[in-house]
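Reader: I am new to reading protein models, and I would like to be walked through this one step by step, please.

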Amino acid sequence: MHARAIAVTTTAFLGVALLTPLSHARTAQSGEDEGPTVVAHRGASAYAPENTLAAVDKAAELGIRWVENDVQRTRDGELVVLHDDSLRRTTDVEEVFPDRSPWKVKDFTAAEIARLDAGSWFGSEYAGARVPTLKQYVERVEHNHQKLLLELKNPQLYPGIEQQTLKVLANEGWLDRRHVAGRLVVQSFSADSIRTVHEIKPAVKTGFLGTPPVSDLPEYAGFTDQINPSHGSLSVSYVSSVHAFTGPHGRPMEVFAWTVDDAATARRIAGYDVDGIITNKPDVVREAVGEEEDRNGASTGW
Ligand code: G3P
Ligand code: CA
């Protein structure tokens, strides 16, 4: 719905990326400005325990379509959704397995992790919430008709996690045209990991977490659709530099900024013309900046 007028020319670069200076004005056909996509960070994690199904449901309850999560792997090879590489902060692992310090995810089996309480640390009303497997998580996102910004967390600890994650997504029906066209982005702090995802499944939209120098953006444009920086490292000119490049799917690269939880910062960052804001308080951010209707949805061609 928004206009992105190509202002100058398209120039082949390094034989991989296309350099495409663009005007990136986000203006609805009505002429009114539209806000960025709002993404619930680790689910609506200000209101429910992060990365649990309860946090996904809370986002849905608030009417938030996009949820972000973090994927890691257990000792016996199950993909689970958890942020830290240790289970200590967000579960009762210390009580259940007192002799297993430092309680790394990769040192526990899926059955052991399934015994843990991932909700009580947040609030007694969430007692009994579990660390979801990726399969369970995706099924809940599907059930809620939501969309998924999936982060491969610490991929250096889990060789082959890219292929394995894509396999789970495929098994769940998330690599069909309908999903890759508007309901899925795979992101990581590891450029190698994102490049691998792109090579294995070029149709999947990808995001790099970080702020690469502008001089490196032509290379990133070969394998990532999004550059997703911490909001503190952003500027108008950086966002506009990212938008000037065409990503691997022939569209201007996007910027999703994290983690913004207050209205004033959300308005400032939206003023940089970012495409998305990742937040623990999606209701607060949506109220502050509005949200473009289905900006990353099938109706936009994704
Ligand atoms: O999606 C952005 C954000 O999740 C990256 O940081 O540490 O919360 O995974 P972190
Ligand atoms: Ca994350």
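**Ile-194 and the strands around S12**

Reader: In this predicted model, is Ile-194 buried or exposed?

Author: The model is a predicted one, and Ile-194 belongs to helix H7, which spans residues 191-200. Its relative accessibility is 0%, and because buried means under 20%, Ile-194 counts as buried.

Reader: Which residues is Ile-194 in contact with, leaving aside its neighbours within four places in sequence?

Author: One hint comes from Thr-206, which stands twelve residues away from Ile-194 along the chain although their C-alpha atoms are separated by 6.5 Å. Leaving aside the neighbours within four places in sequence, the contacts of Ile-194 are Val-186, Gln-187, Ser-188, Thr-206, Gly-207, Phe-223 and Thr-224.

Reader: Which residues of strand S12 point the other way from Gly-276 and Ile-278?

Author: In a regular strand the side chains alternate between the two faces of the sheet. Strand S12 covers residues 276-279, and all of them are buried, with Gly-276 and Ile-278 pointing one way. Those that point the other way are Ile-277 and Thr-279.

Reader: Which residue in S12 is the bridge partner of Ala-40?

Author: Strand S3, made of residues 37-40, pairs with S12 in the parallel sense, and four bridges link them. For Ala-40, the bridge partner in S12 is Thr-279.

Reader: Which helix makes a right-handed β-α-β unit with S11 and S12?

Author: Strand S11, residues 254-257, runs parallel to S12 and is joined to it by two bridges, and Phe-256 has Gly-276 as its bridge partner in S12. The element that completes the right-handed β-α-β unit with these two strands is the helix of residues 263-270, namely H10.

Reader: Why do the buried residues Pro-282, Val-285, Ala-288 and Val-289 lie on the same side of H11, and what arc do they cover?

Author: An α-helix has 3.6 residues a turn, so residues three or four places apart point the same way. In helix H11, residues 282-289, the buried residues Pro-282, Val-285, Ala-288 and Val-289 are covered by elements including S3, H10 and S12. They lie on the same side of H11 because the arc they cover around the axis is only 130°.

Reader: How many residues does the core with Phe-256 and Ile-278 have?

Author: The largest nonpolar core has 67 residues, and those with the most contacts inside it are Leu-148, Leu-234 and Val-274. Apart from that one lies another core, whose members include Trp-66, Leu-149, Phe-256 and Ile-278, and its number of residues is six.

How values were computed. Residues are numbered from 1 along each chain as its sequence is written. Chains are lettered from A and ligands numbered from 1 in the order in which they are written. This is a predicted model: local features need pLDDT of at least 70, side-chain atom pairs count only at pLDDT 80 or more; totals for chains, interfaces and linings use all residues. Side-chain values use heavy atoms; hydrogens and water are left out. Buried means under 20% relative accessible area, exposed over 50%, partly exposed in between (1.4 Å probe, protein chains only). Contact means heavy atoms within 4.5 Å. Two strands pair if DSSP finds at least two bridges between them. A crossover is right-handed if, with the strands pointing away from the viewer, the path from the first strand over the helix to the second runs clockwise. The arc is that of the directions from the helix axis to the C-beta atoms. A nonpolar core is a set of buried Ala, Val, Leu, Ile, Met, Phe, Trp, Tyr and Cys residues joined through side-chain atoms within 4.5 Å.
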